[in-house]
Amino acid sequence: MQTLKTKVLIIGAGTGGYVAGIRCGQLGLDTILVDASPGLGGTCLNVGCIPSKAIIHAAGKYETVAKAASDAGTLGITASTPAIDLSKTVEWKDGVVKKLNAGVAALLKKAKVKVIKGWAEFSDAKTCTVKTDDGDIRITAEHVILATGSEPVELPFLPFGGDVISSTEALSLPEVAKKLVVVGGGYIGLELGIAFRKLGAEVAIVEMAERILPLYDKALTDPVAKWLEKHGVQLLLGARAGGFGDGKLNVTDKDGNPMQLDADKVLVTVGRRARTQGWGLENMGVAMNGPFVKIDNRCATSMKNVWAIGDLTGEPMLAHKGSAQGEVVAEIIAGHDRVFDPTTIAAVCFTEPEIVSAGLGPDDVKGRDDVIQAVFPFAAIGRALAIEAGEDGGFVRVIASKSDHRLLGVQAVGQHVSELSNSFAQMLEMGAVLEDVAGTIHVHPTLGEAFHEASLRALGHAIHI
């Protein structure tokens, strides 16, 4: 058996692990990165963030052509009846992923990180055996960074296989399902459900909660619910899914009545769980925080020089959180004084329309009289109207402290608002006050003007409303 020793051993090449690897390499740390997946980049790059956004983009293009092919056309544009070959769309998506895989590999090589493809299993906190196609490799390390990510939750009565699929299989379907039932009304289910509705599938969504996207406030989710209703998506709230067979999904509605939904495919998106099984975590002696690995504000576990980042450490399970943690840990190992203590981690739903939330929301400050809230609608923004983004009930909302006007939270719902998320996070991270946003000259015509106007409105003198 081959034996290797290294300064840093990273398990998992997702957005947390590979960023940690690159930063370790930049800092001159001898680093080995172990990953078992076919392509570098983890869930996000291979079967999550990137491919799903590619499919969502293609669905939007198809919808535009379909509108143009309708009797009335759209924006004065007409077209012949559109068609889609989903297998070619998937081939294009796979090309995007392959290019990014190669880019990550090149960056790791440039940083002099040794990448080993195989499955790691730990016998103790600093020692693992990696099973590769060329035999087993035993690795010992001074520092270990755990970045094993997460995996879809499987329901015992709806096991994955055949026509019951997870988001992974949904992103590689060879053709559009005629009837798609989505179990779970969170962001993954809604993003994919909306995309497949745009591609022509009949879509039904089964959600146990009383409304979609229950982690977001109702004002943010109402425009998405209206889109679903307008586009004929069947929405069953307060409902529970049951077994599936013979093309029918058993469902119990909110009143306890049994019913069946026809389905060519059942997409189960009831959440994700940390990947803690199968690689020897139980042999490492690290403390747990429920189903997650417990860490402090340096991403350190209870075992000396064992670190954990990304989805393995709990909510929010967001790629950009893992990447930021990976940089912090690499710099700590290199001797820098760092902590992971962000003011906010912005979250985005790539639904129709999109949703952004950063910092505190209205439910977090409910009943408080020491805050200011102001909303500015996209219907009053020229750029939004010019790109058909101002008529879906979209808006930007700011929440600030009444005493010193410090920004506490910013939310938005509307087309393309994901591109505003970094501006929201930056202002919160810098400790900006309303006057900072109001005093920044925002480019016209852009959607970002709504952030400016919402801040002006909170100060009592919005211009365009």
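# A guided tour of the sheet, its helices and the cores

Begin by selecting the five strands that form an open sheet in this predicted model. Across the sheet they follow the order β20-β21-β24-β23-β22, and the pairing is antiparallel. Strands of a sheet pair through backbone hydrogen bonds, either parallel or antiparallel. Colour β20 and β22 (371–377) next: each stands at an edge with a single partner strand, so one side of each is left without a neighbour in the sheet. From one strand to the next, the twist averages 10°.

Keep β22 in view and add β23, residues 395–401. The two strands run antiparallel and are joined by seven bridges. To see one of these pairings, select Ala374, whose bridge partner in β23 is Val398.

Now show the helices that meet the sheet. Helix α7 lies across β21 (354–359), β23 and β24 (407–414), and runs at about 10° to β24. Helix α10, residues 421–429, also packs on the sheet, where it touches β20, β21, β23 and β24. The direction of α10 makes about 175° with that of β24.

The next stop is the interior. In soluble globular proteins, nonpolar side chains tend to be buried together. Here the largest nonpolar core has 37 residues, and Phe196, Leu228 and Ile355 are those with the most contacts inside it. Among the elements that give two or more residues to this core are α3 (49–68), α4 (86–110), α7 (218–230) and β20 (347–349). Which element supplies the largest share of this core? It is α6, with five residues.

Select Leu228 and display its surroundings. Leaving aside residues up to four places away in sequence, Leu228 touches Leu190, Ile194, Ile205, Ile212, Val233 and Leu235. A second core, separate from the one just visited, has 31 residues and includes Ala358, Leu420, Ala432 and Leu434.

Finally, isolate helix α6 (187–198). Is α6 largely enclosed or largely open? Nine of its twelve residues are buried, so α6 is largely enclosed by the rest of the structure. The buried residues include Leu190, Ile194 and Phe196, together with Glu191 and Lys198. A distance check can be made on this helix: at 1.5 Å a residue, its twelve residues should span 16 Å, and the end C-alpha atoms are 16 Å apart, which agrees. Just after α6, select Gly200, which takes a positive phi of about 110°.

Methods
Residues are numbered from 1 along each chain as its sequence is written. This is a predicted model: local features need pLDDT of at least 70, side-chain atom pairs count only at pLDDT 80 or more; totals for chains, interfaces and linings use all residues. Side-chain values use heavy atoms; hydrogens and water are left out. A nonpolar core is a set of buried Ala, Val, Leu, Ile, Met, Phe, Trp, Tyr and Cys residues joined through side-chain atoms within 4.5 Å. Buried means under 20% relative accessible area, exposed over 50%, partly exposed in between (1.4 Å probe, protein chains only). Helices (H or I, at least four residues) and strands (E, at least two) are DSSP runs, numbered from the N terminus. Contact means heavy atoms within 4.5 Å. Two strands pair if DSSP finds at least two bridges between them. Axes are lines fitted to C-alpha atoms, for helices over the stretch in contact, and angles run from 0 to 180 degrees between N-to-C directions. The expected span of a helix is 1.5 Å times one less than its number of residues.
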